[in-house]
Amino acid sequence: MKAIQTDVVIIGAGPVGLFQVFELGLQGLKAVVVDSLTQVGGQCSELYPDKPIYDIPAIPVASASDIVNSLQQQASPFQPTYLLGHRVENITKRAEHDFLLTTDQQVQIECSAVIIAAGNGSFEPVKLKVAGIEQFINKQLHYHVSNINTFQDKALVVLGGGDAALDWALALQKVAASVVLIHRSLNFRASQSNVNQMHQLCDELKMQFLCGQVTDFKQQDGRLTSLIVSGKDGVKRTLELEQLLVCFGQSPKNGPTASWGLDMFQHLICVDTEKFQTSTSGIYAVGDCNYYPGKRKLILSGFHESALAAFAIAQALNPAKRIATLYTTTSPVVHKRMGLD
Ligand code: FAD
């Protein structure tokens, strides 16, 4: 497969990775942003989308998801390529200003510099802890919906009590033969309107809700045929199914960052505070994943780091040129790069 070519690869589409696109764009540099999640926003989107944030400069209050939307909008004039649902596994430095990155799906990207904005690590789905059930992954056991037709006319069980579980149970109820939602308690971490809609569909016998936990399964001829559900009432029920969708949320994993041969301090990537460059020239680290004396894991710290990393990369790629500070208000060069003239 032909490698994707770009100036800079940003590993991580959290708030800092998104702002990094903007800062690189101001320097005339194109970016590909890779994230293991299928959505942008990192911790903001995954852990607290509806919570208000009060310490983003000039925005007295906004929800985390609104901040993410605004960052994406701000980056959009520079037309970044988002490679979502891909985890960067390897970074190979072939020469100065020449890197090859490979994702877990064997997509390759060639670039002149790398910026790691990987936060606390790549988010991975929280797994269903039932011994042996992993043999059905991507056949009958799914942690995300990649093709809705997989569930068409099937007896589907959805596990989880958050918005993702409710959203998918409600959406797939229209295409599956039957849907049973299973959650370990009667308290949902989902919007009240979703919960109300689910109860209404149960009342209309269009889907079912079961309060309990999957503790075992049965199989026949290599196919998952039923789940054993231990109910809150102490009863063990056998539930037949054809497809299983697990929506237990995502948790950050340290992932491959530690194996990239960079100097680390307590699982964080050591950088200098002039360029935010790591121990390998041409690889930079910004946001929650980096360490320097005085580091604070705050979004605004990451924004500052992104700006200086972008200046440093522009300078490294154009050593003969003095990289001036250009104001977005008045610089015709910047306006041209933003597509404003
Ligand atoms: P992240 O947001 O962690 O994003 C990193 C991204 O990188 C993730 O999406 C991950 O999937 C991806 N990734 C990692 N490794 C790979 C890989 N190998 N390949 C592909 N993708 C990868 N900060 C504030 O400033 N103000 C607040 O009020 C505030 N409130 C918070 C409330 C909560 C509940 C939490 C948990 C955090 C809060 N924070 C707050 C902290 C803030 O969310 C983080 O500082 C910020 O998200 C860091 O951004 P980031 O872009 O560096 O990393």
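Me: Hello! How many Å separate the centres of domain 1 and domain 2?
Reply: Happy to help. This is a predicted model, where local features need pLDDT of at least 70, side-chain atom pairs count only at pLDDT 80 or more, and totals for chains, interfaces and linings use all residues. Residues are numbered from 1 along each chain as its sequence is written. The chain divides into domain 1 (4-123 + 251-338) and domain 2 (127-248), with bounds from an automatic or database domain assignment. Taken over C-alpha atoms, the separation of the two centres is 36 Å.

Me: Thanks! What percentage of the residues of the chain count as buried?
Reply: A residue is buried if 20 or more other C-beta atoms lie within 10 Å of its own, exposed if 12 or fewer, and partly exposed in between, with C-beta atoms placed from the backbone. For the 341 residues of the chain, the buried share is 37%.

Me: Which helix gives the largest share of the largest nonpolar core?
Reply: A nonpolar core is a set of buried Ala, Val, Leu, Ile, Met, Phe, Trp, Tyr and Cys residues joined through C-beta atoms within 7 Å. The largest one has 55 residues, and Val-8, Val-9, Val-114, Ile-115, Ile-116 and Tyr-284 have the most contacts inside it. Its largest share is 8 residues, from residues 299-317, that is, helix α6.

Me: And how many residues are in the other core, apart from that one?
Reply: Among its members are Ile-133, Leu-159, Ala-176 and Cys-247. This other core has a residue count of 30.

Me: Which residues of strand β9 point to one face and are buried?
Reply: Helices (H or I, at least four residues) and strands (E, at least two) are DSSP runs, numbered from the N terminus. Strand β9 covers residues 108-111, and its side chains alternate. Gln-108 and Glu-110 point to one face and are not buried, while the other face has the buried pair, Ile-109 and Cys-111.

Me: Which strand runs antiparallel to β9?
Reply: Two strands pair if DSSP finds at least two bridges between them. Strand β1 (residues 4-5) pairs with β9 in the parallel sense over 2 bridges, and Gln-5 stands opposite Glu-110. On the antiparallel side, Thr-102 stands opposite Gln-108, and 4 bridges join β9 to residues 98-103, strand β8.

Me: Lastly, which residue in the hairpin of β8 and β9 takes a positive phi?
Reply: This hairpin has 4 residues between the strands. The positive phi, near 65 degrees, belongs to Gln-106.
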